[in-house]
Structure formats: C-alpha cells, structure tokens
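Here are four short exercises on one structure. Try each task before you read its solution.

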Amino acid sequence: MITRLHGGMVYDPRNRVDGEQRDIYIRDGRIIARPGQNETIDRDIDVTGRVIMAGGIDIHSHIGGGKLNIARMMLPEDHRQDPVKATALTRAGCGHAAPSTLTTGYRYAAMGYTTCFEPAMLPVNARQAHLEMADTPMIDTGAYAMLGSDDFLLRQLARGASPEAVNDYVAWILQATQAMAIKVVNPGGINAFKFNQRKLDLDDKNEHYGVTPRQILKALTSAVTELGVPHPLHVHGCNLGVPGNLDTTLMTMDAVEGRPLHLTHIQFHSYGREGDRKFSSGAAEIAEKVNRLDNISIDVGQVMFGQTVTASGDTMMQYHSHRHAHPDKWVCMDIECDAGCGVVPFRYRDKNFVNALQWCIGLELFLLVDDPWRIFLTTDHPNGAPFTSYPHLIRLLMDSSFRDDMLQSINRHAREASRLKGIKREYSLYEIAIITRAGPAASLGLADRGHLAPGAAADITVYKDRKDRQKMFEQPEYVFKDGVMAVHNGRITAIHTGLTHTVKPDYDRNIERRLKTWFERYHTIRPGNFRIPDEELIGYGRSGIDSHPLKKR
Amino acid sequence: MTKTTHKDVTCPFCSLHCDDLVVDNDGGRLSVRQNGCSRARRGFERPSPAPAPAVRGRQVSLDEAVTAAARLLRRARLPLISGLGSDVAGSRAVMALAERCRAVIDHCAGDAALRNLLVLQEQGWIMTTLTEVRNRADFILFVGTDAGRYPRFFERCVWNDKPLFLARQGERGIAYLGQRLNTRAGVSPAGTRPLSVSCPPDEIAAYLSVLLALLKDYDLAPEDLPARKRKQLRDLAGRLQAADYPVLVWVPGELDFDHGELAVEAATAVIRELNRKGRAAGLSLAGDHGTASFMNVCTWQSGYPLRVSYRHGVPEYDPWHFAGTRLLQRDQADLLLWIAAYGFEPPVPDTDMPTIVLGGAGTAAPDADVFIPVGTPGVDHAGNLFRTDSVVNLPLQGLRETALPNAAAVLQRLEEALRP
C-alpha cells in the first residue's frame, strides 16, 4: 500500500528543504524515496499548494502523572465549560487547562502534533504517568524522570559518591521508570523545602545534606553526558518566578562547565529587578548568553492570557506562589523521599503589569535568540497556557503587525517597559518547522521523527497555506500518523495507539544490591515493584517501546 | 500438587498495599507466610469461588451470562454502575462501558471519598505520603481514628527501625483526637504514652478550630470547653509547633457523621497554618476496594473523580445528584451493575431493579438477575493499584491458576456487545 502526497510545499529543516514542491511517498508507515518499478500508488492525495511538515513534537508538556490528575480533580469548574462529546470513533472527555487524557490526545493530533514528552515524571509515580499516557490516544509519548531532590542521590553526593556510582543510579532510574531523559526541578530545592528551607540559590546548601544546586547540576549533567543520553539534562532552575532570578539563570549556564544543558520554561527564569515595580525583563541578557553558548538549549514556557493551572514538582516555589492562586485553592505534596508537587490554579491577566510583562518576556526570548535549533516552542502546558494556544502563539511569532496590535491591548506600563515593540523579526515557516518538530527531534535524539527524508516515520502534517497563521495551525487539513490518515480537517479519522520513547543505558548490577538495601530500609515499596518491565508498559496499551541509541562517549 | 512461593507480593486488601508479603500457594490454597496482617490473611486465604455464572439463579456459561447482562444493559435508560471494587484495568473498562451505555458511576466508598474531595475542590491541601511519614514525621496526630483498620501502619510508618531523619527509632510524638480510640498502638517502644484528647466525633471540627485559634495565638476560650480540655489543646498546639514535620492522619471513612468533610477541612486548615512558619502535612488513609485507583482513572479519563454521569453523552459531575444510594432509593436509575472483585465491599444493595453483579470470592448475590464470579486482583490475576496516598501505584501478581475471568475482561465484553 503506497500513498502519495503530491504537489505540496515541503518544509523539512533537518534535510534543509525550505518550501520546495516535492511529492512524498508513504509505504508501511514510513516515508520512501519513490515506489519500486512494480509498485503502484494505491492512494494519491492532491495537496498542491499546501504546506507540508513533519508531525509536531512537543518537548515539554505536562500531559500525564500525579500532579496533572490533582489539577483535574480539584478543578471541576475548568472542565464544565468545555465538555467533549464522543463520536463514532472518539471517546467523550473534557478540555481546557487540565483536559482529560483522551481529549488531550485528540486535540494534539487535530493540531498536527504526533509526539509529546511529559517532562516531570516522579520516578515513584512513573506507573501513573505511563498509565495516563497510555490513555492519551493518537500520539507517541515519552517522559523525563525527575531527579535531584531524591534522598538517595543527595545522600550519595553528600558522601562523595564516585561519578560512576551516580551514573549507575541515573541509568537504573531511566530503565526502571521507562524514561527518555533526566529532568531536574529546582535542584535540591524540593528536598530542602521538606526541611523548611524556603529559598535555595545556586550555591546555597541543603541544610541536611550540605549539597548545593550547583553540585547537583554538575553531577547530573556529567551523568547524562557520560551515559550518552541524547537529550541534555532538562533543567527547571532555582528561583522560578522570583524577580531578579535572571542572575541565577545566567550562572546556571556556566555551572555545567560547557556540558550540554537544556533550560526549560526559561521565561519564568528571566526576570530582572529594575524599574519602579522591581520587576523587569531579563530576556535580552538571557538571549545574548544563549546565543553565545552553543551547549545551551532552551524552551520558552510562553505565558498566554486567561485561566490556567500551574502544576509543578517545585513545591518550594509553588508554596511561595499560592497567594496568587485563582481560584483560591492549591495543593502541595511531599512525596516519598523522591520529590514533591504543587498545583496552583492561575489566571494571567493582560491588564496586570507582571502578567503582561511575562507575556512580553517570552516573546522577546523567542525573537532575540538567533539559532532556532536551540529554542523550542512551549507554553509549559498548562503552566503558561494550555497547549491549545500554540496556533495563537505561532501567529504572534510570524506576524509582527498582529503582535503589535496585541501589544497595544496589554498593560501600558508593561508595554512601555518591554523592548518588544522595537523588534520586527518574524518567524518563517521554515523556522516554525524547526522550533516545533525538527529541533525537538534533534535534541531528543529521535532519528526517524521530526523530518521527512526516506526512512523517517510517516508522521506528516499538511496545512492549508493561510495568511492567518493562527487559523492555519489550528486546523491542519491532514495529519498522518505512522502513515495512516489520522485527522482530516480537524476530525479524527483513525484512532492511533502510540508508542513510548525511551533510552536504556546500561549500568553495573551492583547498584541494584545497594538500591535493594536502601528501598527495604527506608521505602514503602520494593525495588522490584518500583520497576516497570517492558511487558507491563506495553500491556497498558502502547503499540511498542522505541528504545533510542545512546550517543557514543 | 506443587507448592510455590511468591515474594514481594502486593496485598490488595487495604489501601496501604504493603508489597513485601510472602505468600505460599499449595495446590491453589494460598497462605501468607511473611509480613501479612489479619486483613491480608483473611483475603488471601479464602478459597477460590466456583467459576459459575448464573442468570436468575440458574447456572449458565460465561457467554450466556454476558449476553443476558448486555440485553439488560441495552434496555436500561439510566444504568447505575457502582460498587466498583476493582483495579486500574477494571476501572478503565468501567469508564468505557459507562460511556457506551450512558450510565452513572459511583463507588461504594463514594461518601468517604467525597469528604476529602469536597475539601480538595474547595480549598486544596498540603499532603504527604507513606515513605515521608516513615522517615520524617516526628509528631503524628490521629484525627478521629486510631488507624486500627490499617493494621501495619504503625509497624511500617511509625515505629519502623532507623528512620532517615529521626535520631532514633521511636523518637516520635503521638497524639489522638477523638472518642473511643484504641491508643495502645501509639505507645512508643520505650513506653511513652500518647497524648489523647477525647472529643465526640461530630465535634472534631470544633476542637480543631480551637486548636487553629491557639496556633494563631488567639486566646480563645469557648465557655463550654472545660479548662482541662483547653489545657490539652494548648499542649497539643505546642507539640505541633515544636515538631519539625508533624503529620495529621485521618480516615475519611470513619468521619461518618453529617458533614464529616468539615473535620477534614479543619485538619487541613491546621496544616496550612503550621506551614506558615514550619512544615506539616496531612495523610489520609482511604481508598480501600480500589477507590484510589478508580478515582484516578475516572479523573484522567473524564476530568472528574467520581459520581459522573454519561447520561448526556459527556461526563457530568455532581456529587449529590449522582450519588448511587440516592439514585437507588428514589428509583431514578433503572439498572444496577455492581462490581465487587474483592468480596469485602459492602453488600450488594437491595433493590427491585434489574441487577448485574460481578463478584469476587465471598460476594453474595442471590437476587441478582445476572451473577458473574470474577477473580480478585492481586490474587487471581495481575494488575495494579493506587495506594492510599494516590501517588504510588503498585503492581499486583496473579498467585494461582483460576478459571475466573477478571472484571476488566467481562466489562470489555459487555462494552463490545453494546457497540452499535
């Protein structure tokens, strides 16, 4: 069975194709160069003049796991306004800030996305995260295991464990939790909060262990690099949301001594302390440094106006921000000598100085960072805004007059404080294809996703080339998932069961003995029960596990 | 018959889900060899029920039973799916079936669950998990409970050997607030007796409010509170403030009086106040009969934790309207599908409406129109379950050969039979 898409304009940055008219052939879920001599084209779809990209890849979206389910549970009012009916193919559910898993899958697919990564999977909560992702239809999924506030690692670091011992532990965690990468959230800060420390800067010591965030970052970037995990350490830095945190963020970039580092939702970490209100944009300084250091990649965590909910592992900072909860209810949890979570509903207001400036800062970062391969489009769903706002965000990036119009409508003082009005840059379709698929795929080491060369998985999105980029990206005409037409004009046409992306670095089996003692002495779960075997994960309803090769040391 | 031994077995019979049991299987007869408790032994050591489905008391094949059940479901205008004693796979199957037949779903422990949920949805809370309590809690206040229904809680999380952050075993303060509580488990290994403040259950919220006022430094002196009680509460406030990581423990199922949620709310308010300067957290012991699993699955699939109706084709949430007992009492539903895979759920409700029962060992359903015996998760088949803290999900093992289907498989077959 061969499908041809003919006449489309292809944007495939990994293969340096920038809007060229090319036919695309699909066979058995893969893109092929052209059919063999004896093969016939079974299905020919005319996509003349359409824009063709690989399926979107979201590198940072909270789609599964405990904190999101707490957000769903505590916010019935979030769902009541957006009930979703079943169709002959799709199940019922609900949308908005903390949508049901089912609706999340359908809406991502309808928006042209085919892969999503849950960026903050607590190792001890991995089973739940994977179960939720298995109930998220249409898309492939993967998750980053959170380390850095777990007592096992902190005790190791406090006792001066060898780098090899840390590597073994990190590798074991990646395997046991079926993870794709390692995330660190407020390095050591979630742990410090359990000891009632309310602030932990890069060189502050955890009062129990004496370990600093800098040490944790060094140990974990070293482990991730040594193990050859393709995606760099994924870092949610210290001091999230605190005016002046810009300095910490800049120092964090230096703390890893040139090793690869991904700074996530950096918008929340790019705040200065200038001006009457002691809150200002640090985007220019951040962008300047990112431009200079090619070991750094970032995603933005753009804020969009409206009601959402913030769900984070960062208990320390979520506790701090609970006074801004809207509606006024919030959850904090200390979790299992592993990590924690905080859930705070939030409404970003365009007439509020701080919120409006946050919006500006995110856009400034998008527009001031030069290399689109090192910046990815995210709203830190749902923390900055629900993922369904991506098309609007894309229009803001691609259409400077639209951006200027929006800028006119926000808080005047924020507008005046921002340099946004002076920035005329507009993203091209090619650059959008980089920040929404090719870049994330490259960063994650997905060799056969995020591009359209022969051999790649046939995850393909076909857009009508509309002037209104928001409308264009809201509703692609076709979405193919592994070669099957999954969406047509916003309607789901085939249900797809996704696979799970993982890496499986090897480790010295001695670590299992040490973990057995540790678990039996201090935990309330046995390591054998903590671990998720392949068969179990597949049994939740995954079409497979894609275990990606490690980088050579 | 051969004898096999299973290690690291997760116990499905209370929501602590201890996963360190050693269970012997001697020709299909199970016995708990290590790390059990009375509830585990009672659950694991029951004989396996006969895999004999019945339609109106007449034994039939599984196929016939499923066909008869599907026929009843197809005729129903508003089915109620309740009991819901199952695991994650069973809960997922319940959701698909409920959506297919436009049913209302409520858990047999729904009243207890709502005492927590109403507080979560009104104010939120600060909570903790078992391993944190085990290693960190230096003072534990039991609110309206002695945790006696969770037999290994003290062994695993209170008097455990060598906690990470406490200098020595037993270095924890224990206190109780409530009436007729068995405080013996709260005596430390060194013999230190717990603090105990006696108060009637429906005054727990009021006592906690006085405690909250004391923590806020208001010199509140309600006239009807005797001086002795005031002093006790003042002591309690002092102990809570002096502790590094006090934990308040409650069992929502035991706050079984009008507006029991107010006691939960008052406890969470005390915790919030303690967190202004120090740390403190809550721990709810709940979620038996797979409640925590069902609530999680129901939430991620529908957006709402329980008491959801699919009557109008979309999930709708209403803790009052969609209460199972209320729908049954008022004949507002017209079919009951009751799932009780553990066999320790409350009895099948007595009702005139058509009834389908999926029951584990020990489930009596003589009046059911359709009765399908099912396996018990973690005994007859593998699966997984959320623990009481709703964070840790533990795998279950199938420990013996059985001809019993699991609830998920039967529910899937029903859902398939109802597809247009």
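## Sheets and a helix

**Exercise 1.** Find the open sheet of nine strands in chain B and work out its order and pairing.

*Solution.*
- Step 1. Trace the nine strands: β5-β4-β18-β17-β16-β6-β7-β14-β15 in chain B. The pairing of this open sheet is mixed.
- Step 2. Look at the ends. β5 (58–59) and β15 (316–317) of chain B are the edge strands, and each pairs on one side only.
- Step 3. Check one pair. Strand β4 (residues 54–55) and strand β18 (residues 370–373) of chain B run antiparallel, with two bridges. Val55(B) has Val370(B) in β18(B) as its bridge partner.

Note that the model is predicted.

**Exercise 2.** Take the open sheet of three strands in chain B and explain why β1 and β3 are its edges.

*Solution.*
- Step 1. Write the order: β1-β2-β3 (chain B), with antiparallel pairing.
- Step 2. Count partners. β1 (3–9) and β3 (29–34) of chain B each have a single partner strand, so one side of each lacks a neighbour in the sheet.
- Step 3. Add the twist. From one strand to the next, it averages 25°.
- Step 4. Zoom in on β1(B) and strand β2 (residues 21–26) of chain B: five bridges pair them in the antiparallel sense. Opposite Thr4(B), in β2(B), stands Asn25(B).

**Exercise 3.** Describe the surroundings of strand β25 (residues 500–503) of chain A: which way do its residues point, and are they buried or exposed?

*Solution.*
- Step 1. Sort the residues. Thr500(A) and Thr502(A) point one way, His501(A) and Val503(A) the other way. All are buried.
- Step 2. Take one partner. Strand β10 (residues 140–147) of chain A pairs with β25(A) in the parallel sense over two bridges. Here Thr141(A) has Thr500(A) as its bridge partner.
- Step 3. Take another. β25(A) and strand β26 (residues 545–548) of chain A run parallel, joined by four bridges. His501(A) is matched in β26(A) by its bridge partner Asp546(A).

**Exercise 4.** Test the length of helix α8 (residues 227–242) of chain B, then find its buried face.

*Solution.*
- Step 1. At 1.5 Å a residue, the 16 residues of α8(B) should span 22 Å. The end C-alpha atoms are 22 Å apart, which agrees.
- Step 2. List the buried residues: Lys229(B), Gln232(B), Leu233(B), Leu236(B), Ala237(B) and Leu240(B).
- Step 3. Look down the axis of α8(B). The buried residues fall within an arc of 140°, so they line one face of the helix.
- Step 4. Recall the rule. An α-helix has 3.6 residues a turn, so residues three or four places apart point the same way.
- Step 5. Turn to the other side of α8(B). Ala227(B), Arg228(B) and Ala242(B) are exposed there.
- Step 6. Find the cover. Among the elements over the buried residues of α8(B) are α7 (204–215), β12 (246–250) and α9 (261–277) of chain B.

How values were computed. Residues numbered from 1 in each chain as written. Chains lettered and ligands numbered in written order. Predicted model: local features only at pLDDT ≥ 70, side-chain atom pairs only at ≥ 80, totals over all residues. Heavy atoms only, no water. Pairing = 2+ DSSP bridges. Axes fitted to C-alpha atoms, helices over the stretch in contact; angles between N-to-C directions. Buried < 20%, exposed > 50% of the residue type's maximum accessible area, 1.4 Å probe, protein only. Expected span 1.5 Å × (residues − 1). Arc of directions from axis to C-beta. Contact = heavy atoms within 4.5 Å.
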